[in-house]
Amino acid sequence: MRSTVNRVLLALAGLVLVVVGGAVLAAGLGASVPSWWPWDGGSDVLLSAADRGRRRDEGWWWPTVIAVLAVLVVLALWWFLAQLRRGRLTELMVDSGDGEGAQLRGRALEGVLAGEACALDGVARAQAVLTGRRTAPRARLRLLMEPHAAPLATLNAVADGALAHARDSAGLDALPAEVRLKAVKHRAERVS
């Protein structure tokens, strides 16, 4: 989801910057611009002294401009910090018994979780993602269920099987998990 939002926002920002920058460059180089275009030469400024003075008597103008700019700065900072946050857990700390510990790759445990869940009867496809901290991971599983599958039995089998094995093999006290079940789309069977 985050990468889709990034692509859309970057595309929109890039498009606006290219169009406005190209138009300003064209006007600065002496190209003809429409009559409504605010800058028509190389010596024009964004806000002239008359434009700045015109809004001085209106008490709401500058606080509104500052508030809008502050909101834009906060949104830009939020977006930047969201890029630094990782969605997936890259590695886990496993107690190896010798006091030093070991590191387990998150993708390896995700693959084992998904593979064991996919081997269950009635599961067409499984995806696993580990989130959280290295010492306290959380699992998210998405299971695509076949039409004949029993959701409660499958959920119990995942909890007692794949999640329990992952928790025990990584030496974790607990492995909280969120399991989402979705049914495979299929045609209705014709009854005669």
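This is a friendly chat about a predicted model, going through its sheet, its core, its tryptophans and its salt bridges.

Q: Hi! Where should I start, maybe with the open sheet: what is the strand order there?
A: Good place to begin. The order is β3-β4-β5, so to speak from one side to the other of an open sheet of three strands, and the pairing is mixed.

Q: Which strands stand at the edges?
A: Those are β3, residues 123-132, and β5, residues 177-183. Each has a single partner strand, so one side of each is left without a neighbour in the sheet. On average, neighbouring strands here are turned by 15° against each other, if you ignore direction.

Q: And how many bridges are there between β4 and β5?
A: There are seven, and the two strands pair in the parallel sense. Strand β4 covers residues 137-145. To find one spot in that pairing, look at leucine 143: its bridge partner in β5 is leucine 181.

Q: Cool. Which strands does helix α4 touch?
A: Helix α4, residues 106-118, packs on the sheet and touches β3 and β4. The direction of α4 makes about 150° with that of β3.

Q: What about α5, which strands does that one touch?
A: Helix α5, residues 151-169, packs on the sheet too, touching β3, β4 and β5. Its direction makes about 140° with that of β4.

Q: Now the inside. How many residues are in the largest nonpolar core?
A: It has 23 residues. The ones that touch the most other members are Leu113, Leu130, Ala139, Leu141, Leu143 and Leu163. You have already met Leu143 as the bridge partner of leucine 181.

Q: Which elements give two or more residues to this core?
A: They are β1, which is residues 91-94, together with α4, β3, β4 and α5.

Q: Let me zoom in on alanine 139. What is it in contact with?
A: Leaving aside its neighbours within four places in sequence, alanine 139 is in contact with Leu113, Val129, Leu130, Leu163, Leu175, Pro176, Ala177 and Glu178. Among those, Leu113, Leu130 and Leu163 are also on the list of core residues that touch the most other members.

Q: You mentioned β1. Which of its residues are on the covered face?
A: Leu92 and Val94 are on the covered face, while Glu91 and Met93 are on the uncovered one.

Q: What sense does β1 pair in with β2?
A: Antiparallel, over four bridges, with β2 being residues 102-105. In that pairing, methionine 93 stands opposite glutamine 103.

Q: Changing topic: how many salt bridges are there?
A: The count comes to three. As a bit of background, side chains of opposite charge can pair when their charged atoms come close.

Q: Which residue does arginine 134 pair with?
A: Arginine 134 forms a salt bridge with glutamate 91, and the closest N and O atoms are 3.1 Å apart. Arginine 134 lies in the loop between β3 and β4 and glutamate 91 in strand β1, so the pair ties together parts that are 43 residues apart in sequence.

Q: Are those two buried or exposed, or what do they count as?
A: Arginine 134 is partly exposed at 35% relative accessible area, and glutamate 91 is partly exposed at 22%.

Q: And what are the other salt bridges?
A: Aspartate 168 pairs with arginine 167, with the closest N and O atoms 3.8 Å apart. Aspartate 168 is exposed, at 54%, whereas arginine 167 is partly exposed, at 28%. Then glutamate 178 pairs with arginine 180, at 2.6 Å between the closest N and O atoms. Here glutamate 178 is partly exposed at 33%, and arginine 180 is partly exposed at 48%.

Q: Last topic, the tryptophans. Which ones form the aromatic cluster?
A: Trp60, Trp61 and Trp62 form one cluster. The structure holds two aromatic pairs.

Q: Why is the pair of tryptophan 60 and tryptophan 61 called edge-to-face?
A: Their planes are at 80°, so the pair is edge-to-face, and the ring centres are 5.7 Å apart. Tryptophan 61 and tryptophan 62 are an edge-to-face pair as well, at 6.2 Å centre to centre and 70° between the planes.

Q: How accessible are they?
A: Tryptophan 60 is partly exposed at 49%, tryptophan 61 is partly exposed at 24%, and tryptophan 62 is partly exposed at 35%.

Note on methods:
Residues numbered from 1 in each chain as written. Heavy atoms only, no water. Pairing = 2+ DSSP bridges. Axes fitted to C-alpha atoms, helices over the stretch in contact; angles between N-to-C directions. Contact = heavy atoms within 4.5 Å. Phe/Tyr/Trp six-rings, centres within 6.5 Å; stacked < 30°, edge-to-face > 60°. Buried < 20%, exposed > 50% of the residue type's maximum accessible area, 1.4 Å probe, protein only. Core = buried A, V, L, I, M, F, W, Y, C linked by side-chain atoms within 4.5 Å. Salt bridge = Lys/Arg side-chain N within 4 Å of Asp/Glu carboxyl O.
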